[in-house]
Amino acid sequence: MLLEMAADAFGDRVAFVDPVADSSITYAELLAAARTAAQAVHDSGAERLAMLDVSNLAIPVGLFAAGWADVPYVPLNYRLTEAEIDALLERITPAYLVTDITHLTAFGERQGVAFTSRGDFLGMARGGGGGDDYRSMDPDSVGVLLFTSGTTGAPKAAVLRHKHLVSYIFNSVEFGAADEDDAALVCVPPYHVAGIGAVLSSVYSGRRVVQLANFSPEAWIEIARTERITTAFVVPTMLARIVHALEGQESAHMPHLQSLSYGGGKMPLAVIERAMQLFPDTDFTNAYGLTETSSTITVLGPDEHRAAAGSEDEAVRRRLQSAGVPLPGIEIEVRDDEGRALPTGERGEIYVRGDQVSGEYEGRGSTVGADGWFPTRDAGYLDEEGYLFLEGRADDVIVRGGENMSPGEIEDVLLEHGAVEDAAVVGVPSVEWGEAVVSAVVLKATATQTELQDWVKQHLRSSRVPERIEFWQELPYNETGKLLRRVVKERLDTD
Amino acid sequence: MTSLSAGKRLKSAVCSTEIMVIAAPDGDVEITCGGSPMGDGATNGGAVDPGHAEGTAIGKRYVNADGSLEVLCVKAGEGSLAADGDALAVKDAKKLPKTD
């Protein structure tokens, strides 16, 4: 329906551009291709349309074709090992799988999976007659099945129904709001919820999307300039690398870049402050969301970024580290372990309610309570003005001698030390305390364990001082910039 | 008269207008377009009532006076929308930050 509207209102506009393949597709062509592909998927008898590929024109065709064929769209992580991909494929058969040549060769024949190469799929879709003219979409049908990154165990499949996705778009995007020359640069992988959100919101707003298949800061900067990009989304590690690549320059020289939003992990204060200097004309937005909530639920907008950066008031400046305020149609509550709402300023688990919230996993049902609230497993608190501050996952909370502490708070203090480049704090089993606070630190100048312990002691209660600090070359992150705490914990625990 | 729920699609019987219900009040509501009740797409052979001919615009949201009913125009047409006889008004566009 979103695409039908776009094709109806601005069919001749370019919808997606793949600079690597030097090809593009208009909104009218995209609708025709999606309808044709939907017919092929339907005829194959597949019950899922899976996509194992980097960003390219087949991604939006597949997403909308799945909707048209009324089968879930399942984007898979192409960085997984063959065994991991096999395990996921087994869970989604009978499936119609679109993939690149490398994966096509690697996987060959699999029971219940109809394989098609990206090229053949696009050729078929763009060469066809357009398929059925009208098919009504059931709001309760599953639109997207997304395997979560599984930083703590086997991947879960989050179920997003059409009603959740459409609700997210209606709450966050105004139809046709984009100007004729607006262009979005999409560099998040298509299997990430932000990748799905980028496709849907760009289509609904009528923007031209330029796809960047394999992120590198150099390629991002080059395309942003040559394609005169007006809006982009990055995860924190990407922005850190872009800022690093621009170091030594006075500005990024991108006056056309009106807005740059970021999310998907914790943004270091130094990175966002430097980015705001390098992109003085750009509006920055921090977007916080989860796969289970159909992407963004809270935003820290451009005005708040500027107010925070220029402020002498510590409380206002701290807001640069906040996830912002809820989107229209979203409610946020912070609760304690017993599920009771906590007052302002107190730390607990973040709960969210709204039409875009799914909270459902395949085979496990919904985790949304009878009252409509979904427990995010993220920890945080709300300040007096209703700004949300995140403090890692609820499961990351360290319980030392009966005292709960958030690793994020200790990490923030360590990061403020001049010699510290990066820091992770975790709890490891301790006979004396139940859990002991330990830390892994990446240095950019010399410092000793004692120095850093004294530094923490000056800023926080002594119970929060890491018993042991190890110095590492780097911390383990996944490809979208999430710290792999489980890995940090395992390494620190075995010593 | 029909009971409406969010997500319900309705078509005009006298022009090309199509809408989707975003929010609906409890109970029965009759939504008309061009002066004729909207339904599943069957045309009634009639024409747009000149009193209901201001047209609909794609992507615009329309609301009733108390805001309990909100619909989204997904296909434009010549008729204009009303609920239980009262004309629906265009809801102002929201200013939203770009999040992705």
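Here is a short chat between a visitor and a guide about strands and cores in this predicted model.

Visitor: What should I know before looking?
Guide: In this predicted model, local features need pLDDT of at least 70, side-chain atom pairs count only at pLDDT 80 or more, and totals for chains, interfaces and linings use all residues. Residues are numbered from 1 along each chain as its sequence is written, chains are lettered from A and ligands numbered from 1 in the order in which they are written, and side-chain values use heavy atoms, with hydrogens and water left out.

Visitor: Why is strand E8 of chain B called largely enclosed?
Guide: Buried means under 20% relative accessible area (1.4 Å probe, protein chains only). In E8(B), residues 70–75, 5 of the 6 residues are buried, so the rest of the structure largely encloses this strand.

Visitor: What makes E3(B) and E8(B) a pair?
Guide: Strands are DSSP runs of at least two residues, numbered from the N terminus, and two of them pair if DSSP finds at least two bridges between them. E3(B), residues 18–23, and E8(B) have 5 bridges, in the antiparallel sense, so they pass that cut-off. Glu18(B) sits opposite Lys75(B) there.

Visitor: How do you know that E7(B) pairs with E8(B) too?
Guide: E7(B), residues 61–63, shares 3 antiparallel bridges with E8(B), and Arg61(B) faces Leu72(B). These two strands form a hairpin with 6 residues between them, where Gly67(B) in the turn has a positive phi of about 75°.

Visitor: What makes Phe279(A) a contact of Trp220(A)?
Guide: Contact means heavy atoms within 4.5 Å. Phe279(A) has such contacts with residues including Trp220(A), Ile242(A) and Phe284(A), leaving aside neighbours within four places in sequence.

Key:
Buried means under 20% relative accessible area, exposed over 50%, partly exposed in between (1.4 Å probe, protein chains only). Helices (H or I, at least four residues) and strands (E, at least two) are DSSP runs, numbered from the N terminus.
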